[in-house]
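Q: Please take a close look at the salt bridges in this structure, and explain where the partners lie. A short view of the whole protein beforehand would help me to place them.

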Amino acid sequence: MKPPAFQYHAPKSLPEALDTLNRVGHDGKVLAGGQSLIPILNMRLAAPGHLVDINGLSELAYVRTDAGGVRVGALARHAEVEADTAVHTAQPLLRQGLRLVAHPVIRNRGTTVGSLAHADPSGEMTAVLSLTGGSVELAREGSTRTVGAQDFFVGPLESCVEPGEMAVSAYFPRLPERTGTEFVEAARRHGDYAMCGVAAAVTLDEDLRIVRARAAYLSVSPVPLLLDLTEAVSGGTPDTAHWGAAGDLAAQQMEPEPDIHATAEYRCHLARVLTARAVRTAAVRAAELSSMPAAINDEISDEISDDEQERGER
């Protein structure tokens, strides 16, 4: 299949790209990795009059880790983010989610920010941004704005990016100390869109008792669904908490739509089972982090600092 006719633009700088987007307005689409956009064009589900290819904007091809979290530029490929050791140390959910995105050949080309801008409620990165309380930086000619995850996704395949704007980066904050994470999903075949996916984060106190448990879901609602499950497991430990209660609480708070892949009831069942599995694993990881010797923590911090210095030199 072939896409409908469009005018192709290949800007050489960010100001040139923003100028082009400003001129074409509603009729423009940004091309980065293209792993979602090109199939949609070929299936004639979208017909923009102008395609703005930003692959020449090398200034947006970065992944940066600092004391607060991870910032990913608009041209950073999934595979680059997934493989970055400093990123994994600062925000493990990114690698845990990215390893489930399609197949390696897709991750080699697809971009993390592009996945967010695509706003597919079945996309793993939408859940990661929601659970971490992350944000997306949007730029237009003469101005920028930052939008939090809770406001960025407004509907299926619909974000708050306005005509003339471009998503130029995404920020994923670090989670609190003694917080463990996990990302699990169920799909008919490896690499397919998940029928249900769960990203979980569990925080422990100094006595290794649960003080907070949250989960973000994909493929069960029009936008990423973020739930607080603390009341089901609060005060428990990784060995004693009633993980099934967390799954029950999650299933009670969602109303998934049926489709050709799964009934609503089956999606609720998957959410119940996957939630229990994800929060338990997250709690175990939090306990492991809490027992990690201080020397190892210092080594990790040094590793991140060295990585930042190396990137600065390049």
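A: The accessible surface of the protein comes to about 14,700 Å², and carbon and sulfur atoms supply 50% of it. The model is a predicted one. Of its 314 residues, 52% count as buried. The C-alpha trace spans about 60 × 50 × 35 Å along the principal axes. The radius of gyration is 20 Å, which agrees with the value near 20 Å that a compact globule of 314 residues would have. The secondary structure consists of 13 helices and 14 strands. Among contacts between residues at least 6 apart in sequence, 63% join residues at least 24 apart.

We may now turn to the salt bridges. The structure holds eleven of them, and three are followed here in turn.

One joins Glu162 to Arg140, with the closest N and O atoms 3.4 Å apart. Arg140 belongs to strand S6 (residues 135-140), whereas Glu162 lies in the loop between strand S9 (158-159) and strand S10 (166-173), so the pair ties together parts that are 22 residues apart in sequence. Glu162 has 41% relative accessibility and therefore counts as partly exposed. Arg140, at 23%, is also partly exposed; because the limit for a buried residue is under 20%, Arg140 does not count as buried.

In another salt bridge, the side chains of Arg145 and Glu165 meet at 2.7 Å, N to O. Arg145 lies in strand S7 (residues 143-148) and Glu165 in the loop between S9 and S10, so this pair connects parts that are 20 residues apart in sequence. The two partners differ in their accessibility class: Arg145 is partly exposed, with a relative accessible area of 30%, whereas Glu165 is buried, with 7%.

A further salt bridge involves two helices. The side chains of Asp248 and Arg272 meet at 3.1 Å, N to O. Asp248 is in helix H11 (residues 243-252) and Arg272 in helix H12 (residues 264-290), so that distant parts of the chain, 24 residues apart, are linked. Asp248 is partly exposed at 33% relative accessibility, and Arg272 is partly exposed with a relative accessible area of 33%. As for wider connections, salt bridges that share partners join Arg140, Arg145, Glu162 and Glu165 into one network.

The strands that carry the two arginines of this network deserve attention as well. Strands S6 and S7 pair in the antiparallel sense over six bridges. Within this pairing, Arg145 of S7 is the bridge partner of Leu138. The hairpin of S6 and S7 has two residues between the strands, and Gly142 takes a positive phi near 90° there. In general, the side chains of a regular strand alternate between the two faces of the sheet.

Finally, a nonpolar feature of the surface may be set beside these charged pairs. Met1, Met43 and Leu45 form a nonpolar patch on the surface, with about 400 Å² of accessible area together. Met43 is found in the loop between helix H2 (37-42) and strand S3 (50-53). With a relative accessible area of 46%, Met43 is partly exposed; because a residue must be over 50% to count as exposed, Met43 does not reach that class.

Note on methods
Residues numbered from 1 in each chain as written. Predicted model: local features only at pLDDT ≥ 70, side-chain atom pairs only at ≥ 80, totals over all residues. Heavy atoms only, no water. Salt bridge = Lys/Arg side-chain N within 4 Å of Asp/Glu carboxyl O. Helix = DSSP H or I, 4+ residues; strand = E, 2+ residues; numbered from the N terminus. Buried < 20%, exposed > 50% of the residue type's maximum accessible area, 1.4 Å probe, protein only. Pairing = 2+ DSSP bridges. Patch = residues over 30% accessible without salt bridge, like charges linked within 9 Å, V, L, I, M, F, W, Y side chains within 5 Å. Areas by Shrake-Rupley, 256 points an atom, 1.4 Å probe, with all protein chains shown as cover. Rg over C-alpha atoms; globule rule 2.2 N^0.38 Å. Contact = heavy atoms within 4.5 Å.
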